[in-house]
Amino acid sequence: MKIKTKKGIQKFFSLGMHPYIIKKYNSLFDELLKEYQMTQVEIDVLAFLANNPEYNHAQDIVNVRGISKGHVSLAIEKLVKRGLVTRNPDPVNRRWNILCVEKKADELVKKIQNIQHAFDEQAYQNISQEDIVKYHEILQQVYHNLGGGQHE
């Protein structure tokens, strides 16, 4: 995309930035993955459930976080076997399970959240609070323009 700026017409590769940002974010978990012998998807699912208790179904993770159904299922199975997450039948829809992060996961969740906080600090350094808010508002609008959020 080309955009006219104060410096003239500039080419922006916004989609090209996304993989770099995700790769940078994921790399921050390398030591934790080795320490706990987990996959990045397991960390992502556990973090999502801990950070977003209002989303407590596997399908929520698929829809909101954008992780494939197969990867989510496998990650949940491993997290349940380790005792970090429990599955309980949903009283409204018995075909679904409510996912709950267990106390046993507290230490790991805290480590994950510390890494996420460090990432945010680095990513948003030297950017004003107003610009951060505006950035997220614009990103949310792009998301909705492209049909995001229809299944939430």
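Is Tyr25 buried or exposed? Select Tyr25 to begin: with a relative accessible area of 14%, this residue is buried, because the cut-off for that label is under 20%. Keep in mind as you go that you are looking at a predicted model.

**Stop 1: the rings around Tyr25**

Stay with Tyr25 and add Phe29 to the selection. These two residues form an aromatic pair, with 5.1 Å from centre to centre and 65° between the planes, an edge-to-face arrangement. Phe29 is buried too, at 0% relative accessibility.

Now show Phe119 as well. Its ring centre is 5.1 Å from that of Tyr25 and the two planes stand at 80°, so this pair is also edge-to-face. If you colour by position along the chain, you will see that the pair links distant parts of it: Tyr25 belongs to helix H1 (residues 14–27) and Phe119 to helix H6 (residues 106–123), 94 residues apart. Both Tyr25 and Phe119 are buried.

With Tyr25, Phe29 and Phe119 on screen together, you have a cluster linked by ring pairs. The structure holds three aromatic pairs.

**Stop 2: helix H5**

Next, select residues 69–81, which make up helix H5. The helix has 13 residues and spans 18 Å from its first C-alpha to its last, close to the 18 Å expected at 1.5 Å a residue.

Show the side chains of Val72, Ala75, Ile76 and Leu79, the buried residues to look for in H5. They cover an arc of only 100° around the axis, which puts them on the same side of H5. Turn the view to the face directed away from that buried side, and you will find the exposed residues Gly70 and Lys81.

What covers the buried residues of H5? Among the covering elements are helix H3 (40–51) and helix H4 (58–65), along with strand E3 (85–89) and strand E4 (97–101).

Before leaving, step just past the end of H5 to Gly83, where phi is positive, at about 80°.

**Stop 3: where H3 meets H4**

Two of the elements covering H5, helices H3 and H4, are worth a view of their own. Their axes come within 11 Å and cross at roughly 100°. That angle makes H3 roughly perpendicular to H4, because values from 65 to 115 degrees count as such.

To see the contact itself, select Asp44, Val45, Phe48 and Leu49 on the H3 side. Then add their partners on H4, which are Asp60, Ile61, Val64 and Arg65.

Terms used: Residues numbered from 1 in each chain as written. Predicted model: local features only at pLDDT ≥ 70, side-chain atom pairs only at ≥ 80, totals over all residues. Heavy atoms only, no water. Helix = DSSP H or I, 4+ residues; strand = E, 2+ residues; numbered from the N terminus. Expected span 1.5 Å × (residues − 1). Buried < 20%, exposed > 50% of the residue type's maximum accessible area, 1.4 Å probe, protein only. Arc of directions from axis to C-beta. Contact = heavy atoms within 4.5 Å. Phe/Tyr/Trp six-rings, centres within 6.5 Å; stacked < 30°, edge-to-face > 60°. Axes fitted to C-alpha atoms, helices over the stretch in contact; angles between N-to-C directions. Parallel < 35°, antiparallel > 145°, perpendicular 65-115°, else oblique.
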